[in-house]
Each structure stands twice: as structure tokens, then as C-alpha cells.
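Here are a few short exercises to work through with the structure open beside you. Try each task before reading its solution.

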Amino acid sequence: FRLEKMSGTRKRTKKRAACPGLGLFYTILSAFLFSLASLLLKIIEDVHSVEVSAFRCVFQMAFVLPGLIYYKAVE
């Protein structure tokens with residue numbers, strides 16, 4: 001909720017979401033992708049667990065680092 005001043009009185013207004021339902025979409029998408037990743041790890045048995053962790057770390061940084069640079073979070 002957001003409070004607005006209107007001639008000495010305060011009025012509560014509810015801020016509207018920019019895209020309703022986007023959070024639900026992201027939740028379903030993440031559940032699907034985590035299930036897919038788990039399935040692929042069950043199928044591939046020749047890869048060592050340290051290699052899997054390294055690949056995950058590299059791909060996570062590939063997605064996170066551009067956002068950090070864009071918003072100047074990394075100094």
C-alpha cells in the first residue's frame with residue numbers, strides 16, 4: 001500500500017502490478033526448468049558432481065552478471 005497526502009489527509013491507495021500474473025508464470029516456468037534439470041542429471045551418469053556444479057555456476061553467472069553490470073551493482 002502507498003500513502004498519499006491529499007490536503008492534510010492521508011489516503012491509502014493500492015499500487016497496481018505492471019503485469020498481473022507474471023509471478024505465477026515465473027513460478028510455473030521455474031518448476032518446469034528445475035524438473036527438467038533434475039531429469040537431465042538423472043539421465044547423464046558419466047559426469048562428475050563437481051563438473052555439474054561448475055557448469056551450473058558458470059551458467060548462473062552468465063545470466064546474473066549482465067544484470068549486475070547494467071544496474072551497476074558491481075563496483
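**Exercise 1: The largest pocket**

In this predicted model, the largest pocket holds about 620 Å³ of space. Find which residues lie closest to the centre of the largest pocket, and which elements line it.

*Solution.* Start at the middle. Of the 19 lining residues, Leu33, Ala37, Phe55, Arg56 and Phe59 are the closest to the centre. Next, move out to the elements: those that give two or more residues to the lining are α1 (22–43) and α2 (49–70). Of the elements, α1 contributes the most, with ten residues. Finally, sort the lining by chemistry: 15 residues are nonpolar, three are polar and one is charged.

**Exercise 2: The fold along the chain**

Work out how many helices and strands the chain has, and in what pattern they follow one another.

*Solution.* Count the elements, and you arrive at two helices and two strands. Then read along the sequence, where the pattern is β-β-α-α.

**Exercise 3: The annotated spans**

UniProt has an unreviewed entry with the feature "transmembrane region". Locate the residues listed there and describe the secondary structure the model gives them.

*Solution.* Begin with the record: the entry lists residues 21–41 and 53–71 under that feature, and such annotations may be inferred rather than shown by experiment. Now turn to the model. Residues 21–41 are 95% helix and 0% strand, with 31 Å between the end C-alpha atoms. Residues 53–71 are likewise 95% helix and 0% strand, and here the end C-alpha atoms lie 27 Å apart.

**Exercise 4: Surface and burial**

Decide what share of the chain's residues is buried, and how much surface the chain exposes.

*Solution.* Buried means under 20% relative accessible area. By that cut-off, 3% of the 75 residues in the chain are buried. As for the surface, the chain exposes about 7,600 Å², and 66% of that comes from carbon and sulfur atoms.

**Exercise 5: Two cysteines**

Say how many disulfides the structure holds, and why Cys19 and Cys57 count as partly exposed.

*Solution.* The disulfide count is zero. For exposure, recall that partly exposed is the range between buried, under 20%, and exposed, over 50%. Cys19 has 43% relative accessibility, so Cys19 counts as partly exposed. Cys57 also has a relative accessible area of 43%, and therefore Cys57 is partly exposed.

Terms used
Residues numbered from 1 in each chain as written. Predicted model: local features only at pLDDT ≥ 70, side-chain atom pairs only at ≥ 80, totals over all residues. Heavy atoms only, no water. 1 Å grid on protein atoms, 1.4 Å probe; cavity = no way out; pocket = protein on both sides within 12 Å on 5 of 7 lines; lining within 4 Å. Points joined across faces, edges and corners; volume = space filled by probe spheres on them. Helix = DSSP H or I, 4+ residues; strand = E, 2+ residues; numbered from the N terminus. Nonpolar A, V, L, I, M, F, W, Y, C, P; charged D, E, K, R; others polar. Buried < 20%, exposed > 50% of the residue type's maximum accessible area, 1.4 Å probe, protein only. Areas by Shrake-Rupley, 256 points an atom, 1.4 Å probe, with all protein chains shown as cover. Disulfide = S-S within 2.5 Å.
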